[in-house]
Amino acid sequence: MTEVAPETMGTVHDLADHRATRIAAPAVSLVKDATAPDPGVDTIPKQPQSPSVDAASVSSSRSRRGIRRMRALATHERTRTAAGLVVRHGGYFVGGTGVVVKRGWEGRTVAVHHRMRAMALAAGDHAAAAEWQDRADRFRRERHDRRIELIHKVPTMAKSAAIGTAAAEGALLLVGFCMAVHDREVHDVVAPTLAAIDVVRALCWFVGIAWGPALGLALLAGLAHLWRAGHKHETAPVWARPASAAAADDIPITPSIVVKALSDLGVPALKKGIKEMADGAAGMLGPIRLAGCGIEVDVTLPSGVSTEEILGKRRKLAENMNRHEHELHMTIPPMPRTVRMWVADSGALDEPIGPSPLVTDPDMTADYTSGRAPWGQDLRGDTVLTSLFQRHMLITGLSNQGKTASLRALALWLALDPRVEFRIADLKGVGDWQMFEGLATVLIQGPTDEHVIAATEMVEEGVAEMGRRIDLMRELSAKGWSQDKILADPRFIPLVLIVDEAQVAYGSGAVETYVTDSGAVRKGAPYGGSKADSRYFQGVKKVHDQGRAVNVTTWEGTQDPTNENLPKRSREGNHIRASLVLGTESQARMAVGDSAVDAGAAPHKLRQGLDKGTLVVAGDGIKLAPGQPSVTVRTHFIDGDAAKEIAQRAKARRTGAETQTAEETAQDVDHLTNVLEALGEGKRIQTQEVLRRLISKHPDPYDGWELHDLTRVLREAGAEPKATRADNGKTGVVCVSRARIEAAIEAREDATEADTE
């Protein structure tokens, strides 16, 4: 055998050589090494240490970071979108629930009848109110009868159920008997009954299985119904609505929108007539014209539909056209069975109009006879120019809606005509007419009874001036003067009596008191009030009757009109009747008249606080479209500073023309002695006649005096003229009493002697 050489054999290795090298752990010595470092000394290289931080500061910093993160999360676009989605659909559900509940409540109660009855009473339609009350009573009676009938039907229904069950069981037994006879099996008698029981058991099993899903589907259907109701009535907040819904109000008015709005108005005859029109109801619409900040269209109604029905549904018609109620104005044009609609662009009426030309044009002039005052703009955007020539005017409305500013704007324009004389009584007395000091020959400011007395005397002096002019006109006419020549005479300068807050005068209880010749104190006619014996009311009525012909006119401003604070005879004597926002239709009829309201004028539809300075004007003085009885005017607002500037321009135009006041009377003239001399032998002479005699005998001191000047002087002397019986037999006229003049002279002499002593 051959032996293998050892060098040819493989190398033998130790397995330890192939293992990972292990570092032997140092032996632990129990003896302290003198060279070993101190264990308290750190042999590791020192790292820079951060300064110590207070735990409260760390917590505050974390809180701020958390707040910033929460704010960023809350204001993120996705969060806002999600929140808007949740709020919008939640609003639909909640609002839809309210709509459905209200609908159900109104369908089962008399809530609708009561609401319609209240609306009829507010409108003064007592016949309609009685009809709605009858309907409500009939509804309650029928509902009660139905409930009683249902109670009576319960035993009958139970009896009918028992009879039906017995009849069904009898029929089943009869069928079973027939089966038993045929098959000669006695148990077949109850076979049909058992089969019926099995059917009932199967139905109960099916209902038990389907009850849960059916209840879930019913719940989903109910929620969908609530959502649709809320979506239809837009019960979600405006900010949460989608952009498409928010911009729905900006949809332009087209013929199809107008026709659809009319069709959905709830007038059966109108809807039927639109359906029967072959041209899609396009023939009932006139051309849609651009008119200022909106459009205007005439709608010819089908036969059987009255214009009154359409006017009474203004709000619903506006909403059908995606507009608010105040953005739709309807009037009755001359064409029969036609409604003229003006529809504003969405939000256009909330934008202010430009400044008054009185402010922007410092060179503007005025002419009482032929000029027209720039008052504002109508809804079409056209300038509204008002003629004030020989026109009485009334402006009314709720408090703080721009009545004084509207009235004052016309007076400021008219003040630019230096021929016009103003006598003003501001019965509010807060300085709204202060800029007319130096322009008006009389300026009364205050709300007390004393101010009402002064305003009444101002009106009565205007009546006396009117009488003097009428007598003078008669004399000049007899001489052959023409009407134009007479009115151009300086003795017939325009006289405007302005009473702002006239309701204070109509509601005042101040009564005249006077002393008779025998010394007895008597009460005369009341200064204010709305009855026929009111001196203020009688004065205004007399100026309304005859003042226009001799250039004497009245302007009244009053608020919240009623029959007590604005008598019918007084309000209907005005040529221009304007109204700001009012509360009810009955007040609107008082303000602008029944015919204007019947034709579409609706100051009670204006928005309180939002439509300040917006007037519904009826009557003469403003150019109106043919057949149109009123116009809505957005007046220019002139603030206090601008009004003072305009008044200063008016005063500059009157340079050289002195305004006679009581303070300008000469100090060396003995007025009491002159008046006593003018009385002659008379005991009670009319004030107008006394003034005429004074001017005739003493022209220097009294030339240019008016009745109010003489009244003021005598009032200061304690001999104020009073309404009494004159020597010529006239009763109720203002007279100067000889006894009062003599008593005033004696009192003056006694005071002089006392001062001398």
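At the heart of this description is an open sheet of ten strands with mixed pairing, whose order reads S6-S5-S16-S15-S14-S7-S13-S10-S8-S9; strands (E, at least two residues) and helices (H or I, at least four) are DSSP runs numbered from the N terminus, and two strands pair if DSSP finds at least two bridges between them. Strand S6 (383-386) and strand S9 (440-445) stand at the edges with a single partner strand each, so one side of each is left without a neighbour in the sheet. From one strand to the next, the twist averages 25°, where axes are lines fitted to C-alpha atoms, for helices over the stretch in contact, and angles run from 0 to 180 degrees between N-to-C directions.

The model is predicted, with local features needing pLDDT of at least 70 and side-chain atom pairs counting only at pLDDT 80 or more, while totals for chains, interfaces and linings use all residues. Residues are numbered from 1 along each chain as its sequence is written, and side-chain values use heavy atoms, with hydrogens and water left out.

Two helices can be followed against the sheet, with contact meaning heavy atoms within 4.5 Å. Helix H13 (residues 449-478) packs on the sheet and touches strand S8 (421-426), S9, strand S10 (495-500) and strand S13 (552-559), its direction making about 160° with that of S10. Helix H18 (residues 585-592) also packs on the sheet, where it touches strand S7 (393-397), strand S14 (576-579) and strand S15 (614-619), and its direction makes about 150° with that of S14.

Strand S5 (residues 373-378) runs antiparallel to S6 and is joined to S6 by four bridges; among the partners, Gly-376 is matched with Val-384 of S6, and Pro-374 with Leu-385 of S6. These two strands form a hairpin with four residues between them, and Gly-381 in the turn has a positive phi of about 90°. S5 also pairs with strand S16 (residues 630-635) in the antiparallel sense over three bridges, and here the bridge partner of Gln-377 is Arg-634. Five of the six residues of S5 are buried, so S5 is largely enclosed by the rest of the structure; buried means under 20% relative accessible area, exposed over 50%, and partly exposed in between (1.4 Å probe, protein chains only).

Turning to the whole protein, there are 25 helices and 19 strands, and buried residues make up 38% of the 757 residues. Among contacts with a separation of 6 or more, 64% are between residues 24 or more positions apart.
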